[in-house]
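Ready to practise reading a protein model? Take a moment to look it over, then work through the exercises at your own pace.

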Amino acid sequence: MKITVNKTVFEQMLSNVNPFIEKKDNSQITSHVYIEAKEGILTLKGTDSEIGLKITTEDVKISEEGQATANGKKIADYVRNLKDDDINIEYTDNNLTVKQKGSKLKMPTFEAKEFPKFPEYEHLPKVNLNSVKLISAFKKVTPAIDTNNPKYELNGTLLDIKTGGVNIVSTDTKRLAIVKLDEQNKEELSIIIPKKAIQEIGKLFFDEVDMFYSQNYLVIKTKQYLFFTKLINGKFPDYHRILPKEFKYVEKLQKDKIVDAIKQISNISNEMKMSFTKDAIVFESLSEENMEAKTEIEFQYSTIESEYQIAFNSKHIIDFLSNIDTKEFSASFNEANMPFELKSENFSTIVMPIFL
């Protein structure tokens, strides 16, 4: 293999595939990126066997076709410090050489034919949804995905497709985030997508994509990218049981005012109390360090009949408010020790309160 490619192009490709490689064990071929030059196309792949990305470009000059591997982190670190000019990459005698004028890096490789295969997708059924709306929904529910929960199904997002609509759901047991898409479907599907995959999907894809699925994999394809992730095997909790059927109080709140107030108090404590009075909403810290913070905003309630208090972890509220585009949102409550709902358009979060 012998190619010439612009440093910026190659650096961007490496930057995209490197999040998918094995980071802890350099003795594994999955710590390497796969590089292939063939039929006028340069292809890079990265995978840890659980998740992977292939990226292609025609912006390359191929003098000799072939394939090789290289340690993903080391080659990316080296290329990053080169000048913004063409670089020459050559594979000979089980070594990969990267040259640019007076600079040269020689790296050992693994046998490229041993690099893990990506799942075939051509025969798989397709997810027939508006992918832009779906990816936007993934981003909104990402903060509520649990991390390292022994119940593996909570470490991902549920894509729940029914004939009457689509729900995208995440929960860390302290809150449940859900986006409802009003799309009709002939096929029903329920899969759990791992958190890392959801995060990478949000970084990579912004336009329409093709999505394919099997019992074990989700595959996303664009002209330049081929992404796959293994799915989580397990049964997601029955989230319908968690959703309150009705609320005693529903109030419209101003996003910016609530954000400003919460951020003031969260400098002292993430746990806080919110009190609805006749003319204001009062926010107070719940700190165990003999520190107190308090602020209030003007407000006149419409459905709350008397003073009402509820306590919560501010991160749960800020995560929701950071993912809405509307200036207003609704906050719905029952008793102070019962879950409450924050909602904007088709996105809502059910939050478990802190018991006072």
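Here are three short exercises on this predicted model, each with a worked solution.

**Exercise 1.** Find how many residues apart E11 and K7 are in helix α1, and say whether each is buried, partly exposed or exposed.

*Solution.*
- Step 1: E11 and K7 form a salt bridge, and their closest N and O atoms are 3.0 Å apart.
- Step 2: Both belong to helix α1 (residues 7-17), where they sit four residues apart, or about one helical turn.
- Step 3: An α-helix has 3.6 residues a turn, so residues three or four places apart point the same way.
- Step 4: Buried means under 20% relative accessible area. K7 has 9%, so K7 is buried.
- Step 5: E11, at 24%, is partly exposed.

**Exercise 2.** Work out which residues are linked with K315 in a network of salt bridges.

*Solution.*
- Step 1: Start with the salt bridge between K315 and D319, whose closest N and O atoms are 2.8 Å apart.
- Step 2: Place the pair: K315 and D319 are in helix α6 (residues 314-321), four residues apart.
- Step 3: Widen the view: the network links K315 and D319 with D172 and R175.

**Exercise 3.** Compare the end-to-end reach of helix α5 with the expected value, and name its buried residues.

*Solution.*
- Step 1: Helix α5 covers residues 255-266, twelve residues.
- Step 2: From first C-alpha to last, helix α5 reaches 16 Å, close to the expected 16 Å.
- Step 3: The buried residues in α5 are K255, I258, V259, A261, I262 and I265.

Terms used:
Residues numbered from 1 in each chain as written. Predicted model: local features only at pLDDT ≥ 70, side-chain atom pairs only at ≥ 80, totals over all residues. Heavy atoms only, no water. Helix = DSSP H or I, 4+ residues; strand = E, 2+ residues; numbered from the N terminus. Expected span 1.5 Å × (residues − 1). Buried < 20%, exposed > 50% of the residue type's maximum accessible area, 1.4 Å probe, protein only. Salt bridge = Lys/Arg side-chain N within 4 Å of Asp/Glu carboxyl O.
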